[in-house]
Amino acid sequence: MHLTDRFRKLIPPALKQRVKPLLRQEWVLPKGLEDPKRFVGTDGVSGQLQLELLKREGCTRDSTVLEIGCGNLHAGILLIQYLEKSRYVGVDPNKWLRRKTLKNLWASELIREKQARFLSVDNFDASKLGTRFDFVLSHSVLSHCAHWQLEQYLRNAGKVLAPGGHILASICLAEGNAYGSSGTPDKEDSMDETWQYPGISWFKLATVISTAGRCGLTVVHKPEYTEFYVKTRPLECHDWLVFSWMR
Ligand SMILES: C[S@@+](CC[C@H](N)C(=O)[O-])C[C@H]1O[C@@H](n2cnc3c(N)ncnc32)[C@H](O)[C@@H]1O
C-alpha cells in the first residue's frame with residue numbers, strides 16, 4: 001500500500017470533509033510546498049499569474065496543458081486543480097524539485113485524482129505520451145537555455161501542439177523591455193553554449209522569429225503580459241511570447 005494511502009486512512013472522515021473544500025479553493029498552495037522555491041525563484045503567486053496568462057490565451061478547464069520546466073509545481077498544482085482529469089502533463093529533468101510536492105498528502109491525492117502525469121526528460125520532448133496539447137506553458141525556461149536549445153524546445157513543443165494550440169513562454173529578449181529588463185549591453189544574442197542558471201540567456205526577437213519559422217511556428221510578442229506580471233512580481237520582468245502553427 002502506498003504510504004499516502006496509509007496516512008489518508010488515519011484521518012477521521014469528518015475532518016477530511018471539513019478540510020477538503022478549504023484546500024481545494026483555487027489559488028491556495030498548502031504550506032510546505034514552497035520549498036525548494038529558492039531554486040526556482042518563484043512561488044504560488046507566480047503560479048497564479050502564469051495560470052491567469054494561460055486563461056487570457058483561451059485556456060479553459062477542458063484544455064490540455066503541457067508545462068515544460070514545471071519545477072516544483074508552483075503553476076502546476078494550480079493548473080491541475082483548475083483543469084479536468086488527465087489534462088495536465090509536467091516535464092522537468094530535475095525530478096527532485098517536484099519530489100517534495102509529490103509527497104505532500106493533499107497534493108499527491110490531487111495529482112492522483114486528476115491523473116496528472118510527469119516526465120523527467122531534458123530535451124523538451126513529451127511526444128512519447130501520444131497526447132496533443134492545446135497549450136504549452138514555460139515560465140523561466142527559455143530565459144536560461146543554451147542558444148541551441150531554443151530550436152530544440154520549439155521543435156519538440158511544436159511536435160505535440162494540437163491544431164490551433166499555443167505555446168506561451170517567457171524569455172529574456174536581448175533588446176530589453178520597459179518593465180525592468182536591461183537586455184544585453186549590445187542588444188545581441190548571448191549565444192550561450194550551455195544552460196545558464198541562475199544566470200540568464202538572451203535572444204533577439206529576430207532570432208526567435210527566424211528559429212520559430214524554421215519550426216513552422218509564428219510568434220506574437222506580448223509586452224502587455226510583462227506589464228501584467230510585473231505589477232505583482234516586479235523582479236520577474238521576463239518578456240512573454242506566444243507561438244502558434246503557421247497557417
Ligand atoms: C527558474 S525554474 C522555473 C520553474 C517553473 N517554471 C516556475 O515558474 O516556477 C527553471 C526550470 O527549468 C527546468 N529545466 C532545466 N532544464 C530543463 C530542460 N532541459 N527541460 C525542461 N526543464 C528544464 C529546471 O529544472 C527548473 O525547474
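## Leucine 79 and the nonpolar core

Let's start with leucine 79. Setting aside the residues within four places of it in sequence, leucine 79 is in contact with Leu51, Val65, Glu67 and Tyr88. Please keep in mind that this is a predicted model.

Leu79 also belongs to the largest nonpolar core, which has 56 residues. Val65, Leu66, Leu79, Val136 and Ala157 are the members with the most contacts inside that core.

## The chain as a whole

The chain has 247 residues, and 37% of them count as buried. Its secondary structure comes to ten helices and seven strands. Among the contacts with a separation of 6 or more, 74% are between residues 24 or more positions apart.

## The sheet

The seven strands form an open sheet, and reading across it gives the order S3-S2-S1-S4-S5-S7-S6, with mixed pairing. Strand S3 (117–119) and strand S6 (217–221) stand at the edges, and each has a single partner strand, so one side of each is left without a neighbour in the sheet. From one strand to the next, the twist averages 20 degrees.

As a reminder, strands of a sheet pair through backbone hydrogen bonds, in either the parallel or the antiparallel sense. Both kinds can be found here, and the next two sections take them in turn.

## Strands S1 and S2

Strand S1 (residues 65–68) pairs with strand S2 (residues 88–91) in the parallel sense, over four bridges. Valine 65 has tyrosine 88 as its bridge partner in S2, while glutamate 67 stands opposite glycine 90. Returning to our starting point, Val65, Glu67 and Tyr88 are among the contacts of leucine 79.

How do the residues of S2 point? In a regular strand, side chains alternate between the two faces of the sheet. In S2, Tyr88 and Gly90 point one way, Val89 and Val91 point the other way, and all are buried.

## Strands S5, S7 and S6

Here the pairing is antiparallel. S5 and S7 pair in that sense over six bridges, and leucine 168 has valine 242 as its bridge partner in S7. S6 and S7 also run antiparallel, joined by five bridges; one position to look at is valine 219, which stands opposite phenylalanine 243 in S7.

## Helix H8 against the sheet

Helix H8 (residues 147–159) packs on the sheet, where it touches S1, strand S4 (133–138), strand S5 (161–171), S6 and strand S7 (239–245). The direction of H8 makes about 150 degrees with that of S5.

Which residues of H8 are buried? They are Leu150, Tyr153, Leu154, Asn156 and Ala157. These buried residues pack against S1, S4, S5, S6 and S7, and also against helix H9 (205–214). Ala157 appears again among the core residues with the most contacts.

## Threonine 101

Threonine 101 sits in helix H6 (residues 95–103). Is threonine 101 buried or exposed? Threonine 101 is buried, because 25 other C-beta atoms lie within 10 Å, and 20 or more are enough to count as buried. Threonine 101 and isoleucine 77 are 24 residues apart in sequence, and their C-alpha atoms are 8.8 Å apart in space.

## Around the ligand

Finally, a look at the ligand. It is surrounded by 20 residues, of which Thr42, Gly69, Gly71, Asn94 and Ser140 are the closest. By class, the shell around the ligand is made up of nine nonpolar, nine polar and two charged residues.

Technical notes
Residues are numbered from 1 along each chain as its sequence is written. This is a predicted model: local features need pLDDT of at least 70, side-chain atom pairs count only at pLDDT 80 or more; totals for chains, interfaces and linings use all residues. A residue is near a molecule or strand if its C-beta atom, placed from the backbone, lies within 6 Å of it. Ala, Val, Leu, Ile, Met, Phe, Trp, Tyr, Cys and Pro count as nonpolar, Asp, Glu, Lys and Arg as charged, and the others, Gly among them, as polar. Two strands pair if DSSP finds at least two bridges between them. Helices (H or I, at least four residues) and strands (E, at least two) are DSSP runs, numbered from the N terminus. Axes are lines fitted to C-alpha atoms, for helices over the stretch in contact, and angles run from 0 to 180 degrees between N-to-C directions. Two residues are in contact if their C-beta atoms, placed from the backbone, lie within 7 Å. A nonpolar core is a set of buried Ala, Val, Leu, Ile, Met, Phe, Trp, Tyr and Cys residues joined through C-beta atoms within 7 Å. A residue is buried if 20 or more other C-beta atoms lie within 10 Å of its own, exposed if 12 or fewer, and partly exposed in between; C-beta atoms are placed from the backbone.
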